[in-house]
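Open the structure in a viewer with selection by residue number. The tour below goes from one selection to the next and says what is there.

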Amino acid sequence: MSATTAVFQQSKRMRFLWLAVPLLLTPILLAQSAWPPETRPRQGMEFMGFAFVIICVAGRCWASLYIGGRKNRELITTGPYKYTRNPLYFFSSLGLAGIGLTFGSLAIAAFYFLFGYLVFAYVSARESIALDGLFGDAYREYCHEVPAFFPRLRRSARDVAHQSPMTFNPVALKRTAIDSSCFLLAIPGSELIESLQSARLLKPMLHLF
């Protein structure tokens with residue numbers, strides 16, 4: 001298997017994520033927020049969840065403007081990639097946490113974020129091996145300066161010296177926007193599940209903070 005093939009096996013990742021859907025749905029179907037809907041903590045968490053989801057979608061689209069059409073051909077180190085080597089994974093994990101917050105539960109948000117972090121950490125570690133083979137010393141220097149997951153907020157002299165423009169790739173941007181739409185579905189989904197629980201059509205087994 002070539003390095004290129006080993007790095008980005010998108011279809012396999014998507015199949016795995018679809019298989020993980022039942023696992024992610026279980027907490028929100030079997031549990032209910034311990035905070036009543038009218039309380040300030042619940043409303044604050046829901047607002048924060050919506051904000052995380054929007055940031056997730058915007059961040060993923062931002063990353064696609066730099067990586068779209070250039071993935072595996074160039075070493076992208078600008079835009080969101082100057083803060084984290086895996087902005088798509090970071091924003092996706094943030095979106096997962098946002099989904100948990102829209103359901104009014106810190107516990108579910110933490111579980112979702114941890115799930116995303118562990119899955120994407122495994123995937124990015126495998127990708128890193130192949131990227132090292134593709135880009136060599138340049139990639140190793142990049143790894144030394146930029147963290148793999150959690151963004152680094154400070155800027156280095158290298159950030160100013162190495163600037164590359166955004167590349168508008170409508171196909172890549174459209175694909176990213178469609179993929180990100182599943183996060184937006186959590187907003188009406190949380191309202192639907194809350195309505196079903198209020199109508200006693202869905203009976204939660206746990207009450208989580």
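The stops run from the whole chain to cores, salt bridges, cysteines and a surface patch.

**Whole chain**

Start with everything shown as a cartoon, and keep in mind that this is a predicted model. Colouring by secondary structure brings up nine helices and two strands. Following the chain along the sequence, the pattern reads α-α-β-α-α-α-α-α-α-α-β. The protein has 209 residues, of which 42% count as buried. Among contacts with a separation of 6 or more, 80% are between residues 24 or more positions apart. Switch to a surface: the protein exposes about 11700 Å², and carbon and sulfur atoms supply 68% of that area.

**The largest nonpolar core**

Next, select Ile28, Leu96, Ile99, Tyr112 and Phe183. The largest nonpolar core has 21 residues, and these five touch the most other members. Two or more residues of this core come from each of H2, H3, helix H4 (87-102), H5 and H9. H5 provides the largest share, six residues. In soluble globular proteins, nonpolar side chains tend to be buried together.

Stay on Tyr112 and display what surrounds this residue. Setting aside residues up to four places away in sequence, Tyr112 touches Leu24, Leu25, Pro27 and Ile28, and also Leu96, Ala97, Ile99 and Gly100.

**A second core**

Now select Ile67, Tyr81, Leu131 and Tyr142. They are among the twelve residues of another core, which lies apart from the largest one.

**Phe120 in helix H5**

Select residues 106-135 to highlight helix H5, then pick Phe120, which lies in this helix. Is Phe120 buried or exposed? Phe120 counts as buried because its relative accessibility is 11%, under the 20% cut-off. Leaving out neighbours within four places in sequence, Phe120 is in contact with Tyr89, Ser92 and Ser93. Add Phe149 to the selection and draw a line between the two C-alpha atoms: Phe120 and Phe149 are 8.8 Å apart in space and 29 residues apart in sequence.

**Salt bridges**

How many salt bridges does a search of the whole structure find? The search finds four.

Begin with Arg42 and Glu46. They form a salt bridge in which the closest N and O atoms are 2.9 Å apart. Both residues sit in helix H3 (residues 40-67), and because they are four residues apart there, about one helical turn separates them. Glu46 and Arg42 are both buried; for Arg42 the relative accessibility is 6%.

Keep Arg42 on screen and add Glu194. This pair also forms a salt bridge, with 3.2 Å between the closest N and O atoms. The pair links distant parts of the chain, since Arg42 is in helix H3 and Glu194 is in helix H9 (residues 186-198), 152 residues apart.

Move to Asp132 and Arg140. Their salt bridge has its closest N and O atoms 2.8 Å apart. Asp132 counts as partly exposed because its relative accessibility is 27%, and Arg140 is partly exposed too, with a relative accessible area of 41%. Return to the earlier residues for the way the bridges connect: salt bridges that share partners join Arg42, Glu46 and Glu194 into one network.

**Cysteines**

Select Cys56, Cys143 and Cys182 and show their side chains. A disulfide is a covalent bond between the sulfur atoms of two cysteines. A search of the whole structure finds zero disulfides. Why does Cys182 have no such bond? The closest cysteine sulfur to that of Cys182 is in Cys56, and at 7.6 Å it is too far for a bond; a disulfide would need the two sulfur atoms within 2.5 Å. Cys182 is partly exposed, with a relative accessible area of 45%. Cys143 is partly exposed as well, at 23%.

**A nonpolar patch on the surface**

For the last stop, bring back the surface and select Leu25, Leu29, Leu30, Met205 and Leu206. These residues form a nonpolar patch on the surface, with about 460 Å² of accessible area together. Helix H2 (residues 10-30) gives the most to the patch, with three residues. Pick Leu25, which lies in helix H2. Leu25 counts as partly exposed because its relative accessibility is 37%. Leu25 is also one of the residues that Tyr112 touches, so showing both residues together links this stop to the earlier one on Tyr112.

Definitions and conventions:
Residues numbered from 1 in each chain as written. Predicted model: local features only at pLDDT ≥ 70, side-chain atom pairs only at ≥ 80, totals over all residues. Heavy atoms only, no water. Patch = residues over 30% accessible without salt bridge, like charges linked within 9 Å, V, L, I, M, F, W, Y side chains within 5 Å. Areas by Shrake-Rupley, 256 points an atom, 1.4 Å probe, with all protein chains shown as cover. Salt bridge = Lys/Arg side-chain N within 4 Å of Asp/Glu carboxyl O. Buried < 20%, exposed > 50% of the residue type's maximum accessible area, 1.4 Å probe, protein only. Contact = heavy atoms within 4.5 Å. Core = buried A, V, L, I, M, F, W, Y, C linked by side-chain atoms within 4.5 Å.
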